[in-house]
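Let's take a walk through a protein model together, one region at a time. Keep the picture open beside you and look for each residue as it comes up.

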Amino acid sequence: MKDTLLPNEIRNSLKTRIFGQKEMYHFTTAVSTNDIAGDLGRRGAPEGTLVIAETQTGGKGRMGRTWHSPPGTGIYLSIILRPGIVPAGANKITLMTAVAAAEAVKKFCPDGLMIKWPNDILINGKKAAGILTTMDTSGDSVHYVIVGIGINVNAGPESFPGDLRDIATSLFMETGMPVRREILVREFLESFECFYRILLEGDFRVIREIWKEQSNIMGKEVTAEVRDCTVSGKAVDLDDEGFLLVRDAAGGLHRIISGDIIKIH
Ligand code: BTN
């Protein structure tokens, strides 16, 4: 399917007030939309500024990984936020983005979707989307937050390198149906704006409940890798601050802010 993500196509019938209605930068090729958004953020670009690329040559993933970004088949999008939060609050933005992305993706792929802590979107157990949040801070102030999202939309199995083939998927691979990317971007921006407003209104509980319903680990025995350590136990909750709570065999409660689930027992 030959489609592009030009600003005018995305804006056409977009039902948001901020996201997608302000500056939107479209690149045929970018190294990383998060890097470009970071530069724009430093130069004072307003909340709601979007950066979109058809392909990235140096797409960034969490924990220093790369994000495979083949041309024309995925969504590579970064959003500038100025939420007036303290740095610890950025975690909730990432969880909120996962919920917003899950709602949008489900419109095209209603079955088999789960959120893998903290913010991977899985379809039938394989990763279809990821989120990378960065921020610029000084002391307790956050100048801006960059939320970057990558969604594998129309990629076929041949477009993933060998090491990703067993763990990555796309909406097309799971449903057999190509998706018009600009429609999915619109769905995501509408969902993102809705949940972002809920978050700013202080209602993280709503987001947390939706996140938990879709999580692939709640109530399960897991092993999480946190920095250089591992924590094993039952994933019992996501708390008010967006920390994952894991109860170990000795009854100790671990509050985990970031890391990776390396095993679900
Ligand atoms: C992850 O799951 O590791 C996060 C992946 C985030 C990828 C997106 S694609 C758009 C934006 N630009 C980047 O360089 N990374 C994010």
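**Two helices that cross**

In this predicted model, start with helix H3 (residues 90–106) and helix H6 (residues 204–214), whose axes come within 10 Å and cross at roughly 55 degrees. That angle makes H3 oblique to H6. The crossing of the two helices, H3 and H6, is left-handed.

Which residues in H3 and H6 meet? On the H3 side they are Lys 92, Leu 95, Met 96, Ala 98, Val 99, Ala 102, Glu 103 and Lys 106, and on the H6 side Phe 204, Ile 207, Ile 210, Trp 211 and Gln 214. Sorted by character, the residues of this contact between H3 and H6 comprise nine nonpolar, one polar and three charged.

Stay with H6 for a moment and ask which of its residues are buried. They are Phe 204, Ile 207, Arg 208, Ile 210, Trp 211, Lys 212 and Gln 214. H3 is part of what covers these buried residues of H6, and the cover also includes S4, helix H5 (181–200) and strand S9 (229–238).

**A loop with a cis bond**

Now follow the chain to the loop between strand S4 (113–116) and strand S5 (120–123), where you will find Asn 119. Pro 118 is found in this loop between S4 and S5 too. Look at the link between Trp 117 and Pro 118: a cis peptide bond joins them, with omega at about 0 degrees.

Is Asn 119 buried or exposed? Asn 119 has a relative accessibility of 2%, so it counts as buried. Setting aside its neighbours within four places in sequence, Asn 119 is in contact with Arg 62, Thr 94, Ala 98, Ala 129, Gly 130 and Ile 131. You have met one of these before: Ala 98 is among the H3 residues that meet H6.

**Two residues with positive phi**

A little further along, in the loop between S5 and strand S6 (126–138), sits Asn 124. Asn 124 is not a glycine, yet it has a positive phi of about 50 degrees.

Arg 227 also has a positive phi of about 50 degrees, although it is not a glycine. You can find Arg 227 in the loop between strand S8 (221–226) and S9. Its relative accessible area is 69%, so Arg 227 is exposed.

**A buried glycine**

Next, turn to Gly 41, which has its place in helix H2 (residues 33–42). Gly 41 counts as buried because its relative accessibility is 4%. Not counting residues up to four places away in sequence, Gly 41 touches Ile 80, Arg 82 and Tyr 144. How many residues lie between the positions of Gly 41 and Leu 132 as a separation in sequence? Gly 41 and Leu 132 are 91 residues apart in sequence, and 16 Å apart in space from C-alpha to C-alpha.

**The cysteines**

Let's finish with a search for disulfides. A disulfide is a covalent bond between the sulfur atoms of two cysteines. How many disulfides does a search of the whole structure find? The search finds zero. Two cysteines to look at are Cys 194 and Cys 229. Cys 194 has a relative accessibility of 40%, so it counts as partly exposed. Cys 229 counts as partly exposed as well, because its relative accessibility is 49%.

Methods. Residues numbered from 1 in each chain as written. Predicted model: local features only at pLDDT ≥ 70, side-chain atom pairs only at ≥ 80, totals over all residues. Heavy atoms only, no water. Axes fitted to C-alpha atoms, helices over the stretch in contact; angles between N-to-C directions. Helix = DSSP H or I, 4+ residues; strand = E, 2+ residues; numbered from the N terminus. Parallel < 35°, antiparallel > 145°, perpendicular 65-115°, else oblique. Left-handed = near helix turned anticlockwise from the far one by under 90°. Contact = heavy atoms within 4.5 Å. Nonpolar A, V, L, I, M, F, W, Y, C, P; charged D, E, K, R; others polar. Disulfide = S-S within 2.5 Å. Buried < 20%, exposed > 50% of the residue type's maximum accessible area, 1.4 Å probe, protein only.
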